[in-house]
Amino acid sequence: NLERTFGLTYSQRVLLALIEKGVAREPAYDAVQSAAMRAWEEQRPFRGLLEETPLVREHLSETELDACFDEAIHLRHVDTIFGRLGLLDT
């Protein structure tokens, strides 16, 4: 299901990464929001659109974008949740 969003679930992490790199919140938000809207409307991968965005290319390396798009952040509590539901073999 994460892929059905074209990667939009990672937008907050990208925004925060840009802000941590010293980009003011408003231009960072505008860049991320613009790419997110295009991804949704054009059904294109969000990351690819970010890679085409000059502000993002200027401030975030490929490695830093990789970190923003690490799906492990969204899955880190899966075992705990499944365990609470009794869905894990123990």
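What span should the 18 residues of helix α2 (residues 25-42) have at 1.5 Å a residue, and how far apart are its end C-alpha atoms? The expected span is 26 Å and the end C-alpha atoms lie 25 Å apart, which agrees; the expectation is 1.5 Å times one less than the number of residues. Helices here are DSSP runs (H or I, at least four residues) numbered from the N terminus.

This is a predicted model, in which local features need pLDDT of at least 70 and side-chain atom pairs count only at pLDDT 80 or more, while totals for chains, interfaces and linings use all residues. Residues are numbered from 1 along each chain as its sequence is written, and side-chain values use heavy atoms, with hydrogens and water left out.

Within α2, Ala 28, Ala 31, Val 32, Ala 35, Ala 36 and Ala 39 are buried, that is, under 20% relative accessible area (1.4 Å probe, protein chains only). Seen down the helix axis, these buried residues fall within an arc of 125°, so they line one face of α2; the arc is that of the directions from the axis to the C-beta atoms. An α-helix has 3.6 residues a turn, so residues three or four places apart point the same way. The cover over the buried residues of α2 includes α1 (11-20), α3 (46-51) and α4 (54-59), where contact means heavy atoms within 4.5 Å. On the other side of α2, Glu 26, Trp 40 and Glu 41 are exposed, or over 50% by relative accessible area. Gln 43 follows α2 and has a positive phi, near 50°.

Leu 60 touches Val 14, Ala 17, Leu 18, Lys 21 and Leu 65, not counting residues up to four places away in sequence.

Methods:
Helix = DSSP H or I, 4+ residues; strand = E, 2+ residues; numbered from the N terminus.
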